[in-house]
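User: I am new to this structure and would like to learn how to read its features one at a time. Could you take me through them, giving the general idea before each case?

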Amino acid sequence: MKYVNIMGVPFLNITQQGFVELLDKRVEQKEKTFVITANPEIVMKAYEEPEFMSIVQKATYVCADGIGVVKAAKMLGEYLPERVTGYDSMVKLLEIGNKKRYKIFLLGAQKETIEKAVANINATYPNVDIVGYQDGYFDWNNNTIAETVANLKPDLVFVALGVPRQEKWIVENYDKFSHGVFIGVGGSFDVIAG
Ligand code: UDP
């Protein structure tokens, strides 16, 4: 695996298609995986905030969410083939999940938004098994969401709480999970909800 370091953030040198295939392999092999899709704003945040940088360092993979990261690599004399976004990764993983009947869990967004997103996923990818979902406006210090996710053992967990909440939630709870691909997807549920 090749990486490009941009201001201390290690970006995976991979195409969108290659990345989705890699994540699918990790699902098949039941290898727990934490993905950060990082745009230039996230790189700056990691650069400026040591606490956030330590979260970024815990990711299994960081991919280049936005053409700005691809261009920054070029300016450094390095190469990243293309942008690899959270939304595109999610859609492609749903396509694969529809063929392989993957179990997924969705966490984040407003209640009406996530309910619409779940309905749209069920309609478009009927073989994807949505084992559970939860809106993103819960009491951080008093919730059993992670325990629920751990018990359901989903293959894929999409977390749309915005940056840095989604990454924090994954890191704080990561030890509870036996396997699964955990990916922060920002505003993707809003897009899928339409
Ligand atoms: N969100 C959430 N809980 C929060 C804050 C945000 O579930 O406490 C959701 C929000 O509803 C939206 C998603 O996180 O669906 C992404 O939010 P935003 O666009 O602010 O994040 P960014 O795109 O900057 O990561």
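Analyst: Let us begin with the vocabulary: helices here are DSSP runs of H or I with at least four residues, strands are runs of E with at least two, and both are numbered from the N terminus. Please keep in mind throughout that this is a predicted model.

User: With those names in hand, where does Lys153 lie?

Analyst: Lys153 is placed in the loop between α7 (145-152) and β7. Its backbone deserves attention, and the general idea is that most residues other than glycine have a negative phi, while most peptide bonds are trans. Lys153, a residue other than glycine, has a positive phi near 50 degrees. Because 14 C-beta neighbours lie inside 10 Å, Lys153 counts as partly exposed.

User: Which loop holds Met7, and what is its phi?

Analyst: Met7 sits in the loop between β1 (3-6) and β2 (9-12), and although Met7 is not a glycine, its phi is positive, about 50 degrees. Met7 is likewise partly exposed, with 13 other C-beta atoms within 10 Å.

User: And which peptide bond is cis?

Analyst: The bond from Val163 to Pro164 is cis, its omega being near 0 degrees, and Pro164 belongs to the loop between β7 and α8 (165-173).

User: Now for a helix: how far does α5 reach, and which of its residues are buried?

Analyst: Helix α5, residues 86-100, has 15 residues and spans 20 Å from its first C-alpha to its last, close to the 21 Å expected at 1.5 Å a residue. Its buried residues are Gly86, Ser89, Met90, Leu93 and Gly97. Seen down the axis of α5, these buried residues fall within an arc of 95 degrees, so they line one face of the helix. They pack against several elements, including α1 (16-28), β3 (33-38) and β5 (103-108). Just after α5 comes Arg101, with a positive phi of about 55 degrees.

User: What does the same reading give for α1, and which residues are buried there?

Analyst: With 13 residues, α1 reaches 19 Å between its first and last C-alpha, close to the 18 Å expected at 1.5 Å a residue. The buried residues of α1 are Phe19, Val20, Leu23, Asp24 and Val27. They cover an arc of only 135 degrees around the axis, which puts them on the same side of α1. The face turned away from that buried side carries the exposed residues Lys25 and Glu28.

User: How are α1 and α5 packed, and at what angle?

Analyst: In general, two packed helices are described by the angle between their axes and the distance between the axes. In this model α1 and α5 pack at about 50 degrees, with their axes 10 Å apart, and the two helices are therefore oblique to each other. The crossing in which α1 passes α5 is right-handed. Its contact is made by Gln16, Phe19, Val20, Leu23 and Asp24 of α1, together with Asp88, Ser89, Lys92, Leu93 and Ile96 of α5.

User: Finally, is Phe34 buried or exposed?

Analyst: Phe34, which lies in strand β3, is buried, because 22 other C-beta atoms lie within 10 Å and 20 or more is the cut-off for that word. The C-alpha atoms of Phe34 and Phe182 are separated by 4.9 Å, although these residues are 148 apart along the chain. Leaving aside neighbours within four places in sequence, Phe34 is in contact with residues including Lys58, Ile170, Tyr174 and Phe182.

Methods: Residues numbered from 1 in each chain as written. Predicted model: local features only at pLDDT ≥ 70, side-chain atom pairs only at ≥ 80, totals over all residues. Expected span 1.5 Å × (residues − 1). Buried ≥ 20, exposed ≤ 12 C-beta atoms within 10 Å, placed from the backbone. Arc of directions from axis to C-beta. Contact = placed C-beta atoms within 7 Å. Axes fitted to C-alpha atoms, helices over the stretch in contact; angles between N-to-C directions. Parallel < 35°, antiparallel > 145°, perpendicular 65-115°, else oblique. Left-handed = near helix turned anticlockwise from the far one by under 90°.
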